[in-house]
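Ready for some practice in reading a protein structure? Take a look at the model below, then work through the exercises at your own pace.

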Amino acid sequence: MSNDAEITLEANPTSAEANHLEAFRAAGVNRLSLGIQALDDKILVVLGRDHSAKDALRTLEKAQKLFDQVTFDLIFARPGQTLSDWRRELKEALALAGNHLSMYQLTFERGTPLFKALKNKQLAPVPDMDEAADMYDEAVKEARAQGFLHYEVSNYARSRSAMGRHNFSYWLGEDYLGIGPGAHGRLTTVNGDRLRTFGEFHPDRYMALCESEGEGIRKWIPLETGDMLKELVVFGMRTRAGVSRPGFQRMTGRSLDTLLDQDALQLYLDHGFLVDDDQGNAYLPSGLEQDVNDWYGIRPTEAGLARMDSLIPNLILHEN
C-alpha cells in the first residue's frame, strides 16, 4: 500500500461512534466522513437518523482533533425547508467544516419509509424544483465565498489535496473492490471484461460465504460495452474535470467523440455549459498527476454542472 494512500471511513455521528474514533485512527484510517445530514433535531427524526444535532457537533469536534481530513454531508430540499432556513444552516455548516463538505439534494427512494410517508402525505411540503435549484445555487455561491472549490456536483474542497480521491475511482471508471456485507464493486478481468460485483447483504451469510468460498460476493454481472461507455461520460460529467479524451481512448479503445452528438455538443459549448480544453486537471485530486498528465477533453462549466441532468440525455448518442 502506498504511504500516502487515502483510507476513508464513513461513520455515523452518534456518541457511540465517537467513542471509537481513536481506534479507527489507530487502525490506519486517515480520512473520516460523517453522515451528519442536518443540524436540526426535528428533521433528523424525519430522516430516520438516530443521532441528534448535539451528537453530530460533538463527534465532529472530536474527529477534527484526531484526523487531518474530515468531511461531513448535508441534505437540502427537505420537507418543510425554506430557502432562508437553508441559508442559516448553510452558514453554520460552512463555519464548522474543515477542508471538505458534501451537500446533496434529498431524493425519495421508492420503498423507503420516507417515500411512503411522502406518498401518504405525512410530511411537510417538499420544496419544488425551482426552490431546490435556488438552494443548490445558494450552496455553490456561499461555499465559493468561504474558499471552497466546487469540484463535483455535490462535493466541495478547499484544495486539491482535500478532494476525496477514492470517489474519483468511481467517477473516472476505474476498478474498485466492494468488501463487506452489501458492498458493490467494479472489476476488470484478465480478458478485459468488466463486471459489477454485489456482496451478500446479510452479515452472517456474508461471513459464511467468505469461509466457504474465500469471498462474500453473491452476484457477478457483466457490464455491457454500451453501458460502460455511457457510464464514463455520465459520471465524468458530474465533475468539473469532465471526461478526458486520452483517458477515454485508453480505457475503451474508442474516441470520445464517437459517443457524443456533435450538434448537441456544439450547442452546449456555444451556450457556455461545456468547455473543450486542457484545464480539467485543476479539478482533480493531488496525487493523480502521474495518471492524468495528458488530461484534456470535455468538461462542464458551473452553469453546465447545475443543468447536467438535462444535458446528458441529449449529449450521448443512443445507438452506442
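Here are five exercises, each with a worked solution.

This is a predicted model, in which local features need pLDDT of at least 70 and side-chain atom pairs count only at pLDDT 80 or more, while totals for chains, interfaces and linings use all residues. Residues are numbered from 1 along each chain as its sequence is written, and side-chain values use heavy atoms, with hydrogens and water left out.

**Exercise 1. Describe the protein as a whole.**

Step 1: Start with the elements. The protein has 14 helices and 12 strands; helices (H or I, at least four residues) and strands (E, at least two) are DSSP runs, numbered from the N terminus.

Step 2: Check the overall size. The radius of gyration is 21 Å, close to the 20 Å of the globule rule for 320 residues, so the protein is as compact as a globular protein of that length. The radius is taken over C-alpha atoms, and the rule is 2.2 Å times the number of residues to the power 0.38.

Step 3: Look at burial. Of the 320 residues, 46% count as buried, where buried means under 20% relative accessible area, exposed over 50%, and partly exposed in between (1.4 Å probe, protein chains only).

**Exercise 2. Work out the strand order of the six-stranded sheet and find its edges.**

Step 1: Follow the pairing; two strands pair if DSSP finds at least two bridges between them. The order is β1-β2-β3-β4-β6-β5, in an open sheet with mixed pairing.

Step 2: Find the edges. These are β1 (8–11) and β5, each of which pairs on one side only.

Step 3: Zoom in on one pair. Strands β5 (residues 149–152) and β6 (residues 155–157) are antiparallel, with 3 bridges. A hairpin of 2 residues joins β5 to β6, and Leu-149 stands opposite Ala-157 in β6.

**Exercise 3. Describe how helices α12 and α14 pack.**

Step 1: Give the geometry. Helix α12 (residues 262–270) and helix α14 (residues 308–315) pack at about 145°, with axes 8 Å apart. Axes are lines fitted to C-alpha atoms, for helices over the stretch in contact, and angles run from 0 to 180 degrees between N-to-C directions.

Step 2: List the partners; contact means heavy atoms within 4.5 Å. From α12, Ala-264, Leu-265 and Tyr-268 meet Ser-310, Leu-311, Asn-314 and Leu-315 of α14.

**Exercise 4. Explore the largest nonpolar core.**

Step 1: Recall the term: a nonpolar core is a set of buried Ala, Val, Leu, Ile, Met, Phe, Trp, Tyr and Cys residues joined through side-chain atoms within 4.5 Å.

Step 2: Pick out the best-connected members. Among 35 residues, Leu-34, Phe-67, Phe-72, Trp-86 and Met-103 touch the most other members.

Step 3: Ask where the members come from. The largest share, 6 residues, is from α7.

Step 4: Follow one member. Leaving aside neighbours within four places in sequence, Met-103 has contacts that include Leu-74, Phe-76, Trp-86 and Tyr-156.

**Exercise 5. Is Phe-273 buried or exposed, and which residues is Phe-273 in contact with?**

Step 1: Locate the residue. Phe-273 sits in the loop between α12 and β11 (274–277).

Step 2: Apply the cut-off. Phe-273 counts as buried because its relative accessibility is 18%.

Step 3: Find the partners. Leaving aside neighbours within four places in sequence, Phe-273 is in contact with Tyr-268, Arg-299, Pro-300, Thr-301, Ala-303, Gly-304, Arg-307 and Leu-311.

Step 4: Compare sequence and space. Phe-273 and Thr-301 are 28 residues apart along the chain, and their C-alpha atoms are separated by 5.4 Å.
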